[in-house]
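Let's walk through this one together, starting from a single side-chain pair and working outwards. Have the viewer open as you read.

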Amino acid sequence: MASALSPRFQQVFPPPIDDVYMDQMDLKTLYRFSWTCKKLNDRVSGYMCRAFRPKNLFAPIFKPNEHLLFRLLQFKTGLVISGSTVLHFTFFSGPTQSMA
């Protein structure tokens, strides 16, 4: 894919550097950036796949490959954690208190 991009485009956003730039963008900016052209849309889509892999999101919480066991537990039990529960779970704080 990199060879199909113009030299000027590669100079501005070399393929290995995409993540560094896109890490600094919020989701709204990434979305708008992806609508610039087809090639940038492909690059942003690739970044999104890499950045939001469950393995990467669970890395600060679980040891390597433990995230697979957690995801299997979710699948088998229908476990879904969301909202304040996610924050307490990820930061290992005490029991959740409802915001209601």
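**From one polar contact to the core**

The side chains of aspartate 19 and arginine 50 are joined by a polar contact of 2.7 Å (a pair of N or O atoms within 3.5 Å; within protein, one must be able to donate a hydrogen and the other to accept it, and residues adjacent in sequence count only if both atoms are side-chain atoms). Keep in mind that this is a predicted model, where local features need pLDDT of at least 70, side-chain atom pairs count only at pLDDT 80 or more, and totals for chains, interfaces and linings use all residues. Residues are numbered from 1 along each chain as its sequence is written, and side-chain values use heavy atoms, with hydrogens and water left out.

Aspartate 19 sits in helix 2 (residues 18-23); helices here are DSSP runs of H or I, at least four residues, numbered from the N terminus. Aspartate 19 counts as partly exposed because its relative accessibility is 27% (buried is under 20%, exposed over 50%, partly exposed in between, with a 1.4 Å probe and protein chains only). Beyond its neighbours within four places in sequence, aspartate 19 is in contact (heavy atoms within 4.5 Å) with Tyr47 and Arg50.

Tyr47 leads us inwards: the largest nonpolar core has six residues, Met22, Leu30, Phe33, Leu40, Val44 and Tyr47. Such a core is a set of buried Ala, Val, Leu, Ile, Met, Phe, Trp, Tyr and Cys residues joined through side-chain atoms within 4.5 Å. Helix 3 and helix 4 (38-51) each give two or more residues to this core, and helix 4 has the largest share, three residues.

How far can you trust it? The protein averages a pLDDT of 75, the predictor's confidence in each residue, from 0 to 100.
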